[in-house]
Amino acid sequence: MDGLADRLTVALDSLIFSQEFSEIPDIAVYGDVLDQWGKGYCQELEGSILDGDIGPRHTEIADYPKNDISVRPLARFSAPDRLIYDALVFDIAPELDEFRNPSVYSYRWNHRDHRPIFWRTSWTQMRRRARSRLWSNWNYKVASLDVSSFYEHIDIDLLTDDLSVISRNELAVKRIASFLEKFQRINHAWGLPQGSDASGILANVYLSPVDEFLQRSDLPFFRYSDDITIVDESWNTLRDALIGINRIFRSKRLSMSSHKTGIIDFEEAIQEDILSARKASIDQAVSARESQAGIDMQVYFDEVIDSEKMNTSDFKFALNRLRDMADDYAVDWCLDNLRFVAHASREIFAYFAACGNREAHIQRRLEEFMHSSESGSYPYVEQRVLRYFVRLDIESEAMKGAAWGIMEDKNREEFPREFAVRYLGRTASASEAQLLRHGFEGESSLTMRRALLMALYEAGKLSERYLRDVQYSLPELRWTCKYLAGNPKIPTS
């Protein structure tokens, strides 16, 4: 990679590409950043880095659901902060990847294209190779483990020491350390910020002593971030390995997840492989549009939701295949259980969008949810509901009322408020647009002001004079102002 501008451009490409898979997508898919990139935006970020003006100025910590109860903290940076962070890490990513053990598949670097490798490619490759190794010896036993709240418990000082040993680029390491130290100082968060490929690249390094230990023990293993699988014929050998790894974890301020750590026999291990083979068979039948595929898929979905502890991966697989067939079989179950499967909201709402024949029914039920007393406890679902209405361009007075309530509640998280504002801008009357402008002028959050400015534009109530005044008074929004001055069609994610 030639220079800083190139790394920033790779960071931008990765950020925009990831919006399809993002837990919290941007309201405009960063259309303003992309439009202004070659018009001074990139050069300004270069200047900030060269001047040492790095470190997140504003970070929203969002509680992203892991299951029906627990959550994990996602760090939501402003676009400039996210791009700077990624570019800093990408500066030393090739060195870190050269240091990576071949048995580690998470967050790899494409040395030819100078960019991160898409996570799904690496995950699929790891699963295929792990399966091949398992089936090569029927006497194998399998040990699996991961770390409790891995990213949150990464010690930045220890990580910086690791980076200093691996990378020859002292300045880049110093910049990364400075960014992460500021991140921890100004937020109710610690460890590495979650939600970025850059953090995944750094996290790989943190567990490299575990990789070295397993390689020296001559144990076949496969690691994806903190998810580690080890195979051997001896139960005692695997137990000793787990104890050795736990000692390394303690030295890195980490703890092993007890409920995800264990040793199983070959017969038990292949059951998962058999289930995977069944999924592959169903997937092939759906792709080929075989006549029996629909019924098989419905049976499989019922088995997944009726299991004592529903497997999230299997649930998402089932929904995605039903979506491919535009089969509305699971619509009512998803609507009834939306609160309990919020962690699968991305797949659920993509599925809803494919069931056009049920749109009116889905719309009514989502309106009921948004006006229920439970809505506020599930901001991630609220965001997805509003995004669904924005993407399908659905006008609804009931949803508009809910959106006003969310926008005006400044105690709510910003990410649902932003989509509430975007929805209001697309459906606002002239008098409602005046209220949006009043909201803009009384809003302190720069993130919300960006969303309100776009809402005023889409409502057709953003004059050239007012746009110039905003650009002059709020230089932090000048790139968004310049973007809107070009009369764009703002994209939806």
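A salt bridge is here a side-chain nitrogen of Lys or Arg within 4 Å of a carboxyl oxygen of Asp or Glu. In this predicted model, E60 and R76 satisfy that criterion, with N and O 2.9 Å apart. The two residues belong to distant parts of the chain, 16 residues apart. E60 lies in strand 1 (residues 59-65), and R76 lies in strand 2 (residues 71-77). E60 has a relative accessible area of 8% and is therefore buried. R76 is at 15% relative accessibility, so R76 also counts as buried, the cut-off for burial being under 20%.

Across the whole structure, the search returns 37 salt bridges. One of them joins D162 to K252, whose closest N and O atoms are 2.7 Å apart. This pair spans 90 residues of sequence. D162 sits in helix 6 (residues 156-166). K252 sits in the loop between helix 10 (235-251) and strand 8 (262-264). Both D162 and K252 are buried. K252 has a further partner: it lies over the face of Y206, 4.3 Å from the ring centre. K252 thus takes part in a salt bridge with D162 and in a contact of charge and ring with Y206.

A further salt bridge forms between the side chains of R358 and D328, at 3.5 Å from N to O. R358 is in the loop between helix 15 (345-354) and helix 16 (359-370), and D328 is in the loop between helix 13 and helix 14, so the bridge ties together parts 30 residues apart in sequence. The two partners differ in exposure. R358 is buried, with a relative accessible area of 17%. D328, at 22% relative accessibility, counts as partly exposed. Salt bridges also form a network, which links D336, R364, R365 and E368.

Aromatic contacts were examined next. The structure contains 30 aromatic pairs. In one of them, the ring centres of F315 and W333 are 5.5 Å apart and the planes meet at 55 degrees, so the pair is tilted. F315 belongs to helix 13 (residues 312-324) and W333 to helix 14 (residues 331-336), so this pair ties together parts that are 18 residues apart in sequence. F315 is buried, at 1% relative accessibility. W333 is partly exposed, with a relative accessible area of 22%.

Y351 and F352 form another tilted pair. Their centres are 6.3 Å apart, with 35 degrees between the planes. Both Y351 and F352 are buried. The two residues also belong to one aromatic cluster, together with F349, Y388, F389 and Y423. Elsewhere, a charge lies over an aromatic ring: the charged end of R449 sits over F440, 5.3 Å from the ring centre.

Helix 23 (residues 478-485) was examined for its buried residues. These are W479, T480, C481, Y483 and L484. An α-helix has 3.6 residues a turn, so residues three or four places apart point the same way. The cover over the buried residues of helix 23 includes helix 2 (31-36), helix 3 (41-50), helix 21 (446-458) and helix 22 (464-473). Just after helix 23, N487 adopts a positive phi of about 55 degrees.

Conventions
Residues numbered from 1 in each chain as written. Predicted model: local features only at pLDDT ≥ 70, side-chain atom pairs only at ≥ 80, totals over all residues. Heavy atoms only, no water. Phe/Tyr/Trp six-rings, centres within 6.5 Å; stacked < 30°, edge-to-face > 60°. Helix = DSSP H or I, 4+ residues; strand = E, 2+ residues; numbered from the N terminus. Buried < 20%, exposed > 50% of the residue type's maximum accessible area, 1.4 Å probe, protein only. Lys NZ or Arg CZ within 6 Å of the ring centre and 35° of its normal. Contact = heavy atoms within 4.5 Å.
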